[in-house]
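This briefing reviews selected side-chain interactions and secondary-structure features of the structure shown below. Its points are grouped by topic.

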Amino acid sequence: TGKSTKREAEREEARIRASIEIGTSSTKRRPQLTLGEAASRFWLEKGQYESDADSVWYQLENLVDGLGKGSLLSKIGMSELAEYQATRRSQKNRRGKMPANRSLNAECPDLIRRVFNRAATLWNIDIGDERRWADLKLRIPKGRTRELQASEELRLFEALREDYRDVIEFDMITGLRRAALLLRWDQIDLDAGTITYLRKSIHANDVGILPISQRMRALLTAQQGNDPI
């Protein structure tokens, strides 16, 4: 206390204890939160509004079940996270298959790291010691790049139904994902020579602009009158 007598020290102790109780002391500890409480709050504030909300809900359920609903965030360390990840690798997913490393990474460490970071920065929660999240990343094998050879492309179009050929050719020219390929006429500006489409993104209304080539224009023009939208 820095005081020279017992009476003065006791008074200073009483003052310090009182300041801690009313929350004015700089030494006041940050509050604790359980994983179950943190997961619920994350879902209400963030998870339910994401484009893959169903997956976020499923992953949060896995984390809560595997690490314990009542486990304090500050007590969930690298050992507990590594043990959880090892257990999940041996469990079948909703389709009855062993989960891929990409799916496991999305759950732990990616999603649980977001929960912890939000708890620490926005909710002012004690999350304990810093964690080495990168050490939990599982290796993801590189996907095989497959491109059609010229002879294969010819055989593909020979085998296609007539009413599929234009859309497949349009897709091959543009490289659009299947979801983005479902265009409406209000997305197509033939005068300006552009197509507006939604890109795959965590952000809402993230649009891309695609220039219309001469062949794309011919394919689009051929569809006019076939569909009112």
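In this predicted model, Arg 161 and Asp 163 form a salt bridge whose closest N and O atoms are 2.7 Å apart. Arg 161 also lies over the face of Tyr 164, at 4.5 Å from the ring centre. The structure holds eleven salt bridges, and the points below take up several of them before turning to aromatic pairs, the surroundings of Gln 32 and the sheet.

**Arg 161 and its partners**

- Arg 161 has a relative accessibility of 49% and therefore counts as partly exposed, since the exposed class begins over 50%.
- Its salt-bridge partner Asp 163, at 51% relative accessibility, counts as exposed.
- Arg 161 thus takes part in a salt bridge with Asp 163 and in a charge-over-ring arrangement with Tyr 164.

**Further salt bridges**

- Asp 186 forms a salt bridge with Arg 184, with 3.2 Å between the closest N and O atoms.
- In that pair, Asp 186 counts as exposed at 63% relative accessibility, whereas Arg 184 counts as partly exposed at 41%.
- Arg 113 is joined to Asp 110 by a salt bridge in which the closest N and O atoms are 3.4 Å apart.
- Because Arg 113 and Asp 110 are three residues apart in helix α5, about one helical turn separates them.
- Both residues of this pair fall in the partly exposed class: Arg 113 has a relative accessibility of 29%, and Asp 110 has one of 21%.
- For Asp 110, the value of 21% is to be read against the limit for burial, which is under 20%.
- A network of salt bridges links Arg 41, Glu 45 and Arg 118.

**Aromatic pairs**

- The count of aromatic pairs comes to two.
- The rings of Trp 43 and Trp 57 have centres 5.0 Å apart and planes at 65°, so this pair is edge-to-face; the class requires an angle over 60 degrees.
- Trp 43 belongs to helix α2 (residues 35–45) and Trp 57 to helix α3 (residues 53–67), so the pair ties together parts that are 14 residues apart in sequence.
- Trp 43 counts as buried, at 19% relative accessibility, because burial means under 20%.
- Trp 57, by contrast, is partly exposed, with a relative accessible area of 41%.
- Phe 116 and Trp 133 form an aromatic pair that is edge-to-face, with 5.6 Å centre to centre and 70° between the planes.
- This pair links distant parts of the chain, 17 residues apart: Phe 116 is in helix α5 (residues 101–121), and Trp 133 is in the loop between α5 and α6 (150–159).
- Phe 116 counts as buried at 0% relative accessibility, and Trp 133 counts as buried at 11%.

**Surroundings of Gln 32**

- Gln 32 lies in the loop between α1 (6–21) and α2.
- With a relative accessible area of 31%, Gln 32 is partly exposed.
- When neighbours within four places in sequence are left aside, Gln 32 is in contact with Leu 72, Ser 74, Ile 125 and Asp 126.
- Between the side chains of Gln 32 and Ser 74 there is a polar contact of 2.6 Å.
- The side chain of Gln 32 also makes a polar contact with the side chain of Asp 126, at 2.9 Å.
- Gln 32 and Gly 208 are 176 residues apart along the chain, and their C-alpha atoms are separated by 43 Å.

**The sheet**

- Three strands form an open sheet in the order β1-β2-β3, with antiparallel pairing.
- The edge strands, each of which pairs on one side only, are β1 (188–189) and β3 (207–211).
- Strand β2 (residues 194–198) pairs with β3 in the antiparallel sense over five bridges.
- Thr 196 stands opposite Ile 209 in β3.

Key: Residues are numbered from 1 along each chain as its sequence is written. This is a predicted model: local features need pLDDT of at least 70, side-chain atom pairs count only at pLDDT 80 or more; totals for chains, interfaces and linings use all residues. Side-chain values use heavy atoms; hydrogens and water are left out. Two strands pair if DSSP finds at least two bridges between them. Helices (H or I, at least four residues) and strands (E, at least two) are DSSP runs, numbered from the N terminus. Rings of Phe, Tyr and Trp (its six-membered ring) pair if their centres lie within 6.5 Å; planes under 30 degrees apart count as stacked, over 60 as edge-to-face and the rest as tilted. Buried means under 20% relative accessible area, exposed over 50%, partly exposed in between (1.4 Å probe, protein chains only). A charge sits over a ring if NZ of Lys or CZ of Arg is within 6 Å of the ring centre and within 35 degrees of the ring normal. A salt bridge is a side-chain nitrogen of Lys or Arg within 4 Å of a carboxyl oxygen of Asp or Glu. Contact means heavy atoms within 4.5 Å. A polar contact is a pair of N or O atoms within 3.5 Å; within protein, one must be able to donate a hydrogen and the other to accept it, and residues adjacent in sequence count only if both atoms are side-chain atoms.
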